[in-house]
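Welcome! Please take a look at the structure below, and we will walk through its aromatic rings together.

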Amino acid sequence: MSTTLSPRAATDVPATARTKQPKSVWAVAFASVIAFMGIGLVDPILKPIGEQLHASPSQVTLLFTSYMLVTGVAMLITGVISSRFGAKKTLLAGLAIIVVFAALAGGSGTVGQIVGFRAGWGLGNALFIATALATIVGAATGGVARAIILYEAALGIGIAAGPLVGGFLGGFSWRAPFFGVSVLMAIAFVAIVVLLPQSPKPTHRTSIVAPFKALRFPGLLLVSVTALLYNYGFFTLLAYTPFPLDMGTYAIGFIFFGWGLALALASVVFAPRLQRAFGTVRMIALALALFAADLAVMALWADHKPVLIVGTVLAGLFLGVNNTLITEAVMISAPVERSTASAAYSFVRFAGGAAAPYLAGKLGEHHMALPFWVGAACTALGVLILLTFRHTLSHVDDHDPAEHSVTEAEAITVGDD
């Protein structure tokens with residue numbers, strides 16, 4: 001789920017500019033870490049929730065489905081909200097919603113309640129992540145590329161730390177990770193209130209129908225459909241794998257921590273180098289093909305825990321490379337505002353792929369390996385469609401990421417001014 005441009009252009013940034021950032025930048029970066037923790041936070045506690053609340057795997061995986069579905073749909077309105085109220089108010093609204101709904105999830109008595117409160121959490125997360133990068137770019141020193149790397153680092157740390165924190169706190173109670181996020185987000189809320197200056201009143205208002213119109217461009221539609229298909233495999237890996245692993249909260253937490261570290265490393269370090277060597281579209285196809293093969297191997301040996309563990313961690317490498325490059329492709333796939341392109345892309349991949357966790361849980365109740373087979377098939381179909389219609393993205397490999405302007409970078413995330 002990356003929202004970066006290629007970090008190639010950041011290599012010449014002075015070392016002092018890399019570390020000496022305004023306090024407001026660090027406040028938003030800290031909040032970003034916590035926001036992205038929410039993606040994998042529940043992985044280690046899925047089985048305890050199911051056991052203690054007497055729920056089936058498909059019921060428990062709805063925690064992911066509701067979260068991602070609302071996040072995807074909300075991406076359509078974040079631009080409308082931010083373009084009317086400004087970045088700071090949008091950030092604070094997102095954080096406040098997460099604080100409330102994470103706490104409510106921790107106090108739930110049924111799986112249905114948790115699923116509903118995770119949906120509210122998804123709304124808050126959409127409002128926050130749609131505005132965070134634009135805010136960091138606007139406040140950071142050292143250039144656009146350095147700001148993007150800082151945001152990507154926050155994303156990677158959050159994704160990696162989520163399962164680890166979830167596993168540690170989940171060792172005390174499945175409720176503890178939810179309360180922990182609520183407390184951390186409250187701290188981030190206060191930090192942004194104090195440290196982030198009020199943003200100027202927006203001068204341009206975003207239309208809610210703009211993302212739908214953007215999907216009329218073949219290149220953007222192709223990338224969005226590809227993301228929808230590989231996200232089926234992605235959410236299958238994330239939401240279903242803890243069930244066949246059948247291990248304790250600490251073990252699951254460490255396994256997905258390894259996955260998150262691999263994803264972060266591949267996003268920031270490997271992706272730009274592979275892009276230079278093979279090109280953007282070709283490397284996206286290769287990374288997704290390897291991910292599909294990885295899921296197929298996990299399906300073949302679904303009853304062998306060492307295979308599932310290694311497969312999960314390796315998937316982080318493939319997904320990290322893909323996330324960085326496919327997001328960059330989104331930004332230049334259609335002649336529309338970057339925020340509009342990102343809104344359209346995020347809506348399709350999140351809202352469409354949100355069914356994957358529930359379906360994976362349902363299929364897994366009949367046969368352990370079936371969810372991995374379906375995830376591999378969907379991802380492979382995404383590769384086939386991408387390569388079949390790759391001519392609509394012929395301009396992507398000719399584009400130099402270093403050419404992006406500050407205005408373009410500020411518009412990478414949905415909901416900028």
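What follows is a short tour of ring pairs, a ring cluster and charges over rings.

This is a predicted model, in which local features need pLDDT of at least 70 and side-chain atom pairs count only at pLDDT 80 or more, while totals for chains, interfaces and linings use all residues. Residues are numbered from 1 along each chain as its sequence is written, and side-chain values use heavy atoms, leaving out hydrogens and water.

Searching the whole structure turns up 10 aromatic pairs. Rings of Phe, Tyr and Trp (its six-membered ring) pair if their centres lie within 6.5 Å; planes under 30 degrees apart count as stacked, over 60 as edge-to-face and the rest as tilted. Here are two of the pairs, both edge-to-face.

| Pair | Centre to centre | Angle between planes |
|---|---|---|
| W174 and F178 | 6.2 Å | 80 degrees |
| Y240 and F372 | 5.4 Å | 65 degrees |

The Y240 and F372 pair links distant parts of the chain, 132 residues apart: Y240 is in helix α11 (residues 218-240) and F372 is in helix α18 (residues 370-388). Helices here are DSSP runs (H or I, at least four residues), numbered from the N terminus. Y240 is buried, at 3% relative accessible area, and F372 is buried at 0%; buried means under 20% (1.4 Å probe, protein chains only).

W174 and F178 are both buried too, and they belong to one aromatic cluster with Y67 and W121. Over the ring of Y67 sits the charged end of R118, 4.1 Å from the ring centre. Likewise, the charged end of R349 sits over the ring of F350, 4.4 Å from its centre. A charge counts as over a ring if NZ of Lys or CZ of Arg is within 6 Å of the ring centre and within 35 degrees of the ring normal.

Definitions and conventions:
Buried < 20%, exposed > 50% of the residue type's maximum accessible area, 1.4 Å probe, protein only. Helix = DSSP H or I, 4+ residues; strand = E, 2+ residues; numbered from the N terminus.
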